[in-house]
Amino acid sequence: MSRDTLMSEHQPSRAPSRAARELGLKRADFDLAVHLGRIRTVPDEGGGGRRVLLAEIERLRAQDGFPGALHQRIRTVGTKHGAALMDVTPTRFTRLARLGAVVPVRFAINRYRAVVWMYMVDELRQFAADRNNAPLLNGRMPGDLREKLADGADLRPRNWRGRHLGFLLRQAAGPWQRAGAVAALLDTARITEAVPDPAERAHLHRFRPGPPGHGAPGSPAAELSARLTTADDGEEIAWLRADLTQALDQARARQPAPCPPAGPTRTDPAPQPAVRSAAAPAERPVRRRRLLGRLLRTGA
């Protein structure tokens with residue numbers, strides 16, 4: 001029995017939607033707070049996902065400045081407001097984000113199917129306040145960084161995936177859940193290469209979280225979201241494959257994947273003779289001749 005289960009046993013708890021309402025948060029902000037570790041959750045004993053202990057809600061509500069202080073700790077901004085916060089132009093802010101100097105914490109897809117990256121306000125303020133970052137904020141961009149930008153460097157998706165993987169691993173309750181968290185960032189072809197056994201692969205997929213919901217399944221927004229949440233850089237794919245192999249070794253050692261039940265041996269049914277009609281083709285001309293003869297004898 002896990003520590004979280006021991007903590008939650010016989011303690012009142014709330015589903016995420018109700019916990020968000022009681023904390024005065026929108027559901028997206030609540031999920032971000034959980035992602036960042038601002039709100040602690042425990043596994044649902046009934047297997048229904050995560051829950052929030054009532055004691056955790058009371059702890060947060062008792063903090064100084066609630067709810068404003070909680071809202072401020074999870075406040076995010078986009079490029080325009082982030083640039084204003086750091087006192088730089090939006091163009092320079094975007095360059096810093098593409099180079100990985102500032103890391104997005106989530107993204108949204110607007111009605112024009114453009115990706116809107118969101119950043120933590122606290123992190124941007126800390127970056128701007130660090131004197132070591134002054135040349136990046138005010139001076140001329142170093143030549144090597146300008147070359148990377150000219151070559152199309154954009155670390156925003158990869159850096160977001162790194163943060164998202166950290167969140168998934170923190171929520172993982174066991175070795176198969178950890179393996180599933182790593183697999184969440186790989187496409188099915190890479191997973192098939194890493195896990196060639198179909199039964200084991202099916203077991204892994206049970207613990208593989210889906211991408212964040214953006215748009216209806218099959219919609220352009222959902223497809224774009226899936227691309228952003230799937231590793232596409234060779235180096236990133238290589239270390240994810242290595243992490244997945246290590247996680248699978250630990251999972252197999254702790255609890256091997258169940259083998260599919262052996263069903264009865266299937267045999268092909270014996271061939272059945274073709275069903276003939278009431279009047280076989282060879283008999284039909286004979287019957288027609290007999291009927292014609294009776295009609296002629298009766299004078300019909």
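Is Arg-161 buried or exposed? In this predicted model, Arg-161 is buried, and its relative accessible area is 1%. That makes Arg-161 a friendly place to begin, since two of the salt bridges described here involve this residue.

The structure holds 15 salt bridges. In one of them, Arg-161 pairs with Asp-232, and the closest N and O atoms lie 3.3 Å apart. Arg-161 belongs to helix H11 (residues 156-171), whereas Asp-232 sits in the loop between helix H15 (220-228) and helix H16 (234-254), so the bridge ties together parts that are 71 residues apart in sequence. The accessibility of Asp-232 is 61%, and this residue therefore counts as exposed, the cut-off being over 50%.

Glu-236 also forms a salt bridge with Arg-161, here with 2.8 Å between the closest N and O atoms. Because Glu-236 lies in helix H16 and Arg-161 in helix H11, this pair ties together parts that are 75 residues apart in sequence. Glu-236 has a relative accessibility of 1% and so counts as buried, a class that ends under 20%. As a general point, side chains of opposite charge can pair when their charged atoms come close.

Helix H16 takes part in a further bridge, between Arg-241 and Glu-193, whose closest N and O atoms are 3.1 Å apart. This pair links distant parts of the chain, with Arg-241 in helix H16 and Glu-193 in helix H13 (residues 188-194), 48 residues apart. Arg-241 is partly exposed at 26% relative accessibility, and Glu-193 is partly exposed at 49%. Elsewhere, Arg-14, Arg-18 and Glu-22 are joined into one network by salt bridges that share partners.

Attention now turns to the sheet. Three strands make up an open sheet in the order S4-S6-S5, with antiparallel pairing. Strand S4 (76-77) and strand S5 are the edge strands, each pairing on one side only. In general, strands of a sheet pair through backbone hydrogen bonds, either parallel or antiparallel.

Strands S5 (residues 106-109) and S6 (residues 115-120) run antiparallel and are joined by four bridges. Among the bridge partners, Arg-106 is matched with Met-118 in S6, and Ile-109 is matched with Val-115 in S6. The two faces of S5 can be told apart: Phe-107 and Ile-109 form the covered face, while Arg-106 and Ala-108 form the uncovered one. Five residues lie between the strands in the hairpin of S5 and S6, where Arg-113 takes a positive phi near 60°.

Which helix lies across S5 and S6? Helix H11 does, running at about 55° to S6. Helix H15 packs on the sheet as well, touching S5 and S6, and its direction makes about 155° with that of S5. Helix H11 is also the helix that holds Arg-161.

The stretch ahead of H11 offers a last detail. Ala-153 is placed in the loop between helix H10 (143-150) and H11, and at 23% relative accessibility this residue counts as partly exposed. Leaving aside residues up to four places away in sequence, Ala-153 touches Arg-98 and Lys-148. Ala-153 and Gly-100 are separated by 53 residues in sequence, and their C-alpha atoms are 9.5 Å apart in space.

Methods
Residues numbered from 1 in each chain as written. Predicted model: local features only at pLDDT ≥ 70, side-chain atom pairs only at ≥ 80, totals over all residues. Heavy atoms only, no water. Salt bridge = Lys/Arg side-chain N within 4 Å of Asp/Glu carboxyl O. Buried < 20%, exposed > 50% of the residue type's maximum accessible area, 1.4 Å probe, protein only. Pairing = 2+ DSSP bridges. Contact = heavy atoms within 4.5 Å. Axes fitted to C-alpha atoms, helices over the stretch in contact; angles between N-to-C directions.
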